[in-house]
Amino acid sequence: MRRRAVLTCVLLAWVSIACSPEPTELPDLSVSLGDLDAIRERGVLRVIVPTSSESRLPRRGHPVSEDRELAEKLARRLSVGVEFIYIDSRTDLLTLLERGYGDLVTGQLTITPEREKRVRFTQPTASVSEWLVGNRRAETLPRRIEELDGLEVHVRESSSFADTLAEIVERTAVNVDIVAVDERVDTESILEDVASGRRPLTVVDSNLLESVEAYSEDLERLFVLAEGRQLAWAVRQSTPKLAAAVDVFIVEHYLTAHRTEDRTTGGLADILERGSLRVLTLNNSVNYFLYRGRMMGFDYEVAKLAANRLNVRLEMVVAPRRELIFDWLLRGQGDVIASTLTVTPDRQEVFRFSRPYLFIEELVVQSAKAERLTDVTELSGRRIHVWLSSSHHESLLKLGALVPDITIVPISEDMESDEILRRVASGEFPLAVLDSHVLEAELKFRDDVVSLFPLR
């Protein structure tokens with residue numbers, strides 16, 4: 001029988017030797033190696049979490065607390081309860097996952113080649129830098145790598161920080177004394193030891209450091225040892241369905257994290273008073289997307305420039321279907337649309353457009369395997385797939401006066417350009433229309449479709 005809305009916490013106190021590949025004797029916990037179907041049948045998602053000072057006293061904005069809240073939301077999305085299993089020794093995390101004592105490991109894991117051999121990582125939840133940190137009251141502190149020669153840096157041996165330091169030693173021949181910290185000691189506790197003077201130096205991810213700096217004045221950032229490290233969750237290699245579900249959830253969460261149900265149709269004065277610019281857009285490879293834990297996209301970058309110019313916070317509001325962005329703007333769920341919209345007479349009757357910031361063509365595309373069309377007149381008698389809400393549809397209607405018998409086939413409004421091109425390549429869609437800048441981006445990664453000619 002499925003258990004509903006269960007939230008439990010299990011604390012496992014390990015006394016194993018940190019470097020041992022074998023975890024210590026386990027308490028009476030169930031073992032399951034099943035994928036998403038088994039989790040739904042069981043009714044509980046088991047989340048393995050490294051024990052930390054945050055485990056029993058969550059603090060808003062702390063990475064561990066955010067991971068916990070996110071795992072709870074994931075369980076609700078999957079319509080199951082959640083059980084948190086806290087582990088003292090970080091060397092046991094992946095081993096316990098592999099053996100089926102949990103379904104998912106959270107806890108700000110850095111993606112490394114060695115770990116990828118053992119588990120499947122999800123979409124990154126953050127992109128961070130690794131900082132060398134010291135006590136600001138110390139008489140001397142290193143300010144560059146060369147000054148680390150002969151100095152102690154305290155980190156857990158299983159951490160990515162130890163790998164980073166080892167790489168520096170090998171690359172530069174600087175003699176860093178890497179001191180191994182007990183695997184049961186979390187990074188925040190190591191930072192507290194540095195702040196109190198009990199340890200000289202350590203390494204920490206930038207997101208955790210920002211959280212600790214909010215209450216500790218004795219820590220000093222020295223310099224960055226590594227940039228662009230990806231943090232993610234982990235599942236077993238044998239659970240592709242769970243991995244896919246988690247990936248979809250993470251992307252949706254981070255792309256729509258700032259979405260608000262507040263509705264207001266006010267102008268600039270209201271935006272400045274509220275302190276945020278709500279930008280309606282779409283999730284695709286051009287407008288707005290999540291890449292290695294970072295929000296990116298052409299329209300996202302344009303929106304950031306606008307928000308910075310107004311000195312307000314940027315809130316990206318992602319519509320699940322492209323035709324909704326117009327309705328949402330009219331209903332006051334956003335202030336502007338930034339989704340590389342084509343200016344058309346029909347749209348101008350309802351909306352006010354900004355100055356153009358991009359000039360494009362509407363291009364017909366077909367499979368690279370098909371006999372290539374050479375002229376727009378050859379569209380007569382053919383089926384062509386487009387979004388009905390798009391300017392492509394308007395262009396085809398106008399073209400129909402000159403080129404008869406074009407059959408316009410509607411595309412689902414929640415289908416994005418990459419899926420359209422996949423169907424064009426397979427022959428499911430004989431012809432489609434995409435904007436030139438979107439097609440240019442996609443053709444950098446594929447050669448199974450070809451651009452034919454513009455509609456206009």
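Is A173 buried or exposed? In this predicted model, A173 has a relative accessible area of 65%. That value is over the 50% cut-off, so A173 counts as exposed. The residue lies in the loop between α5 (160–172) and β8 (177–181). Its backbone is also notable: phi of A173 is near 65 degrees, a positive value in a residue other than glycine.

S79 likewise has a positive phi, near 60 degrees, and is not a glycine. This serine sits in the loop that runs between α2 (63–77) and β3 (81–87). The relative accessible area of S79 is 42%. S79 is therefore classed as partly exposed, since that class covers values between 20% and 50%.

S129 belongs to a strand, β6, which spans residues 126–135. Its relative accessibility is 17%. The cut-off for burial is under 20%, so S129 counts as buried. Leaving aside residues up to four places away in sequence, S129 touches V204, D205 and S206. V224, A226 and E227 are also touched by S129.

Confidence was examined along the chain. The mean pLDDT of the protein chain is 83. A pLDDT of 70 or more is reached by 89% of the residues. Residues 1–21 stay under 50 throughout. For this stretch the model has 58 contacts beyond four places in sequence. Residues 53–60 also have a pLDDT below 50. Beyond near neighbours in sequence, residues 53–60 have 15 contacts in the model. Where pLDDT is low, predicted coordinates should not be read in detail.

The pockets were then considered. The largest pocket has a volume of about 1300 Å³. It is lined by 41 residues. Closest to the pocket centre are V336, I337, R352, F353 and S354. Several elements give two or more residues to this lining. The helices among them are α9 (268–274), α10 (298–310) and α11 (324–331). The strands are β11 (276–281) and β15 (336–337). α10 gives the most, with six residues. By residue class, the lining of the largest pocket divides into 25 nonpolar, eleven polar and five charged residues.

How values were computed. Residues numbered from 1 in each chain as written. Predicted model: local features only at pLDDT ≥ 70, side-chain atom pairs only at ≥ 80, totals over all residues. Heavy atoms only, no water. pLDDT = per-residue confidence, 0-100. Contact = heavy atoms within 4.5 Å. Helix = DSSP H or I, 4+ residues; strand = E, 2+ residues; numbered from the N terminus. Buried < 20%, exposed > 50% of the residue type's maximum accessible area, 1.4 Å probe, protein only. 1 Å grid on protein atoms, 1.4 Å probe; cavity = no way out; pocket = protein on both sides within 12 Å on 5 of 7 lines; lining within 4 Å. Points joined across faces, edges and corners; volume = space filled by probe spheres on them. Nonpolar A, V, L, I, M, F, W, Y, C, P; charged D, E, K, R; others polar.
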